[in-house]
Structures are given as C-alpha cells and as structure tokens.
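Hi everyone, thanks for coming. I'd like to walk you through one structure today, so let's put it up on the screen.

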Amino acid sequence: MRIDIVSVLPELLDSFFAHSILKRARDKQLAEVAIHNLRDYSTDKFRRTDDYAFGGGAGMVMTIEPIDRALEHLKSLYSYDEIIYTSPDGKPFNQSIANELSTKKNLLILCGHYKGIDQRVRDHLVTREISIGDYVLTGGELAAAVMSDAIIRLIPGVISDETSALSDSFQDNLLAPPVYTRPAEYRGWKVPDVLLSGHAARIEQWRHDQSLERTKRLRPDLLDGADN
Ligand code: ADE
C-alpha cells in the first residue's frame, strides 16, 4: 500500500512516520508513505497557499490552485483509490473505515488548514472527507497521522502477531478483553484463575464474556445493531 499525504506542515509528519511500527512497515516495504509539501506547488513568490475569503470574514482560506497542481502531479504518477480530505465535518473515522482503507492500494490524504478550504476542492477534487472526532484541530496533519497509523497496522505482516489486529477493541464492535502478564499475583491482586487454567475453550469463552461486559458497561452505543 502507498499513502501520499499533502500538507503545509510536512515536518510535523516526517518524525511521526520515522518511528515505531510505521517505520518497520516502511522498512519491510509493506507500506510506503510519502509526504508532500503543498507550498512546493504554489506559484506565489512567497509560496502562499491561502488567501482571504470572498465576501469577507475572519480567517484565511486554502486556495484551489496549488492543491489542484499537487493532485494532478500525484495522479499522473499513481492511480488513487481514494482522495481523502481531513475535516471536522467529514464522516467520523472508525475501525470499519480503517479496515476498508487498509485493503486499498493507493491513498492520498489532503490535510486541511486555516479557516477552511475553497469549496471547489471539496466539490471536485476529493472523493471523501473524514473527521477523527468532534473537536477542531489546528490542521489535518494529526488526523492524517491517526488514520495512517490505524490503517497501516492492519496490513498483514506489519504487526508481529498476525492475529492481534483482529482481536483489537472495535473489531466486531466489541472492546478488547482485559489482559494480564506475570506475576500471577502482585500485592495480593490476582490474575483470574481461568487464564492460568490452560483450558483454551474456557479462556476463549471468558474473553468473549469480558468483552461483552466491558462493552455494555463502557460503550453500550457500540452494541446497537451488533451481532453478539
Ligand atoms: N481538521 C481539523 N479538525 C479535524 C478533525 N477533527 N478531524 C479531521 N481533520 C480535522
């Protein structure tokens, strides 16, 4: 998979992708992430990518020209399954969108900034808009990083335990069950006996029951419409 990210703050993203699992995914050539500076596509002598809003009002608006130029250039190199614009008014990102996007070959993420973006970009140049939550960030870079992380870790081979991505919280709309490691007892706090029993079927049943109980207690909204 390949993800191209277009941003006015590429430095912010460079360090994020230079570490941890994402670095490993890139090193193993399971995922390629390329970050592009939108200013490189500006023809303005100060490399500006924003302008005043027609009709007045506070805040600068991202202009369409450098964005169109960047997208045209990248589209001439890669065929994108989706061109995503990060915005608080987009569809809320969740595990099922991450699963879907992890099966794609080429994604482009355009990071929003300033007060907004010329509406014609949204109308004509992007295929979907995604929000990472009901709050407003100063820019879309963190949203691009969050989405890329959630997507890339699902690619087979990226995380060492192949099955662990499938037992994450939110897969099957259930929160993950509790986990424990050694010691079996610490300051009198014991690991549940069933986990030490060696009885695989009982352990699996216990984990499922715990997931269900946790979800009912902490996130009952996830159970609406779920098949559990
Ligand atoms: N840009 C600003 N806020 C955002 C959000 N909540 N999600 C995605 N992009 C954003």
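Let's start right at the ligand: a backbone N or O atom of leucine 137 lies 3.0 Å from one of the ligand's nitrogen atoms. Keep in mind that this is a predicted model.

How much of the ligand does the protein bury? Taken alone, the ligand exposes 260 Å², and the protein buries 97% of that.

Now, leucine 137 has company. Tyrosine 135 has a backbone N or O atom 2.8 Å from a nitrogen atom of the ligand. For serine 87, a backbone N or O atom sits 3.2 Å from a ligand nitrogen.

Okay, who else is around the ligand? The residues there include Thr86, Ser87 and Pro88. Then there's Ile130, Ser131, Ile132 and Gly133, followed by Tyr135, Val136 and Leu137, and also Gly139 and Ala143.

Which strands supply at least two residues of that shell? Look for β5, which covers 82-92, and β8, at 128-131. The largest share, three residues, comes from β5.

And what kinds of residues are these? Seven shell residues are nonpolar and five are polar, with no charged ones.

Let's zoom out before we finish. The domain assignment gives the protein a domain 1, running over 2-152, and a domain 2, running over 167-225. If you take the centres over C-alpha atoms, domain 1 and domain 2 are 36 Å apart.

That's it from me. Have a look around on the screen!

Conventions. Residues numbered from 1 in each chain as written. Predicted model: local features only at pLDDT ≥ 70, side-chain atom pairs only at ≥ 80, totals over all residues. Heavy atoms only, no water. Near = heavy atom within 4 Å. Polar contact = N/O pair within 3.5 Å; in protein donor to acceptor, adjacent residues only side chain to side chain. Areas by Shrake-Rupley, 256 points an atom, 1.4 Å probe, with all protein chains shown as cover. Helix = DSSP H or I, 4+ residues; strand = E, 2+ residues; numbered from the N terminus. Nonpolar A, V, L, I, M, F, W, Y, C, P; charged D, E, K, R; others polar. Domains from an automatic or database assignment.
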